[in-house]
Amino acid sequence: MISSLVKELKYEKAFELFRDVNRDNGFTVDCFTISTLLTACSGCFALMEGRAVHAHAIRAGFETNLSVKNALIGFYTKCGSIKDVAALLERMPVRDIITWTEMITAYMAFGYVDLAVEIFDKMPEKNCISYNALLAGFCKNGKAVEALDLFVKMVEQGLVLTDFTLTSVVNACGLLMEAELSEQIYGFVTKCGFGSNACIEAALVDMWTRCGRMADAEKMFHRWPSDKDGSIIWTSMLCGYARNGQPERAISLFHLCQSEGRVVADEVMLTSVLSVCGTLGFLEMGKQIHGLVLKTGFSSDVLVANSLINMYFKCGNINNAITTFHATPLHDIVSWNTLIAGHLLHRQGDEALAVWSRMENSSIKPDAVSFALIISAYKYTNSNSVDSCRNLFLSMKAIYEIEPTSEHYASLVGVLGYWGFLEEAEEIINRMPFEPKASVWRALLDSCRIHSNTTIGKRVAKHIISMEPQDPSTYVLVSNLYSASGRWPNAEMVREDMRGKGFQKHPSRSWIIHQNKVHSFYVRDKSHPQEKDIYSGLEILILECLKAGYVPDTSFVLHEVEEHQKKDFLFYHSAKLAATYGLLTTRHGQPIRIVKNILICGDCHSFLKYVSVVTRREIFFRDASGFHHILNGQCSCKDYW
């Protein structure tokens, strides 16, 4: 009964049966019961229950049993630390192939790739499961080249290639995003006769979407037989649309699969579509999905719950996000990180630090992501807290035994730069114990833009361009930096260099959700069906704002043209068009909710403040930096403009 309940993911009922067994003196549990319960604890991240089962195993004399030990390694891999796992291995006098394979999985789960490889190399005996564990571990840690090398070795040695093997190698190709290599793997999989396997087919769809080959992905998706369960392949296609900047198509696909009744939404699909709702800021759709989650019984699933929290934060509904967090029976470290990230999205640094304090008091062990987030929280407190930020960064290794990575340095540099400590931030980068990634330099370059410091910005730009010569966003950042300080010839030289290399800037886009549809706008966009009404309304709005004191800031026009032309460029930015459409389509008194795919420019930010005054409307604006809550001419953000 316990085993059957665990297979059906009914973990709490399995625990209840276990408690019944303990209360009834006529029954005793055996090694199989203990191992099964540990699997249940791993499945629902039940750390306390797992420790209780471990204690019961010790009292019953089962701790030396090999199958129980192996199950404990699996449990502590999911719910504990690498120290717990290593301590178990140390106390095991007998080890088998399952033990070593579990250790490979454990080391890969904690990011210790080299140790996992070392274990694999030392194994006295290996089978295809051991190889698959290493292969999957490489993919999990982004080591696509290593995964492909291992796969070639498996083929050369004539090892059995399972569905799991081929799914992993297809995933590795997706990570590399190389179309030619993907073609070769697709041919190999087809030749092996695995083309009609649902898991592999879904992985292939995912691979095509990661390579940007949406036509191939759609072709494979549409040929899947309608009489077979297609949940996994529908999910892959949905994620592919979201990944390739087509969230509206992802939403349409979800509607289609629900209306046709061919696919029952599972936790992966629900998680994916909630992520899309969050990206779009599609609150009403997100609420509908939440209703479906409750109806289908996935509300206690920690992954789905985390996606719900994230969706509500991204849609601007802080109260629902926090309520969902507290209503979730189980929390993993991702739950806590999502809560912190949500507060950061709304620039609530003090609230994020309060969550951090609760985590510490609850004995929740933070991970590397926790530190990257909580360091960033000091952007949204005050400049007097910078010392606390420095101390927290230093405590990572000293107290928490977490080695700082480029992401942590980028967070620290971002905080220091934000508060004007540009020289210190640059010095920290130069003293890093390893080569900084471009993200660290980008954090400093963004601070140079905020403070219009072209001296440091020029040095930083050289580093980024040398590291990412093929990334057009780098050239845009540098050009914007020059433009913001009025150095037009320099800005134009950068853009000319960009054009000469065939790079194109990712277009700025703002959108509003109205009547369950995404209405998008680009700069000077005239493609909307209500274009005439929008432009007429915007002209009236501009006049009213000018009367109220709005002064167009032409320094945000990134082209050297005449002053009247600069104003023409400014007045028809995508954010202004979206705001006007929002005012035209919502009732008086209702808030306007706008989302933008990049940072809002300073002039649009100022304009929206005046819009809130002349229209007496509340405006929620989300851009790449987070939320701007504008009311009566005041904004919640502390950004420099």
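Student: How many residues does helix H19 have, and what distance does it reach from its first C-alpha to its last?

Tutor: Keep in mind that we are looking at a predicted model. Helix H19 runs over residues 302-314. At 1.5 Å a residue the expected reach is 18 Å, and the value for H19 comes close to that. So the helix, by the definition of expected span, can be checked directly: H19 has 13 residues and reaches 18 Å.

Student: Is H19 mostly covered or mostly uncovered, and how many of its residues are buried?

Tutor: A residue counts as buried under 20% relative accessible area. Among the residues of H19 that meet this are Val-302, Leu-308, Tyr-312 and Phe-313. H19 is mostly covered, and the number of its 13 residues that are buried is ten.

Student: Which strand is included in what covers the buried residues of H19?

Tutor: Several helices take part, including helix H17 (267-280), helix H18 (283-296) and helix H20 (318-327). Helix H21 (333-345) is also included. The strand you are looking for is E5 (626-631).

Student: Which residue caps the N-terminal end of H19?

Tutor: Look for a side-chain oxygen that lies 3.0 Å from the backbone nitrogen of Leu-303. At the other side, H19 is followed by Gly-316, with a positive phi near 85 degrees. The residue that caps the N-terminal end is Asp-301.

Student: What distance should helix H7 span, and how far apart are its end C-alpha atoms?

Tutor: H7 covers residues 97-109, which is 13 residues. At 1.5 Å a residue, they should span 18 Å. The end C-alpha atoms agree with that, because they are also 18 Å apart.

Student: Which helices do the buried residues of H7 pack against?

Tutor: Trp-100, Ile-104, Tyr-107 and Met-108 are among the buried residues of H7. At the N-terminal end, Asp-96 acts as a cap, with a side-chain oxygen 3.1 Å from the backbone nitrogen of Ile-98. Just after H7, Gly-111 has a positive phi of about 85 degrees. The buried residues pack against helix H5 (66-79), helix H6 (82-90), helix H8 (113-122) and helix H9 (128-140).

Student: Is Met-177 buried or exposed?

Tutor: Met-177 sits in the loop between helix H11 (163-176) and helix H12 (179-192). Its phi is positive, near 60 degrees, though the residue is not a glycine. Exposed means over 50% relative accessible area. Met-177 has 53%, so the word is exposed.

Student: Is Glu-426 buried or exposed?

Tutor: Glu-426 lies in helix H26 (residues 422-430). Leaving aside neighbours within four places in sequence, Glu-426 is in contact with Leu-444, Ile-456 and Arg-459. Its relative accessible area is 12%, so Glu-426 is buried.

Student: Which strands are the edge strands of the open sheet of six strands?

Tutor: The order of the sheet is E2-E1-E3-E4-E5-E6, with mixed pairing. An edge strand pairs on one side only. The edge strands are therefore, given what counts as pairing, E2 (517-521) and E6.

Student: Which residue in E2 is the bridge partner of Trp-511?

Tutor: Strand E1 (residues 510-514) and E2 pair in the antiparallel sense, over five bridges. In E2, the bridge partner of Trp-511 is Ser-520.

Student: What angle does the direction of helix H33 make with that of E1?

Tutor: Helix H33 (residues 574-585) packs on the sheet. H33 touches E1, E2, strand E3 (592-596) and strand E4 (619-623). The angle between the directions of H33 and E1 is about 15 degrees.

Notes: Residues numbered from 1 in each chain as written. Predicted model: local features only at pLDDT ≥ 70, side-chain atom pairs only at ≥ 80, totals over all residues. Heavy atoms only, no water. Helix = DSSP H or I, 4+ residues; strand = E, 2+ residues; numbered from the N terminus. Buried < 20%, exposed > 50% of the residue type's maximum accessible area, 1.4 Å probe, protein only. Contact = heavy atoms within 4.5 Å. Polar contact = N/O pair within 3.5 Å; in protein donor to acceptor, adjacent residues only side chain to side chain. Pairing = 2+ DSSP bridges. Axes fitted to C-alpha atoms, helices over the stretch in contact; angles between N-to-C directions.
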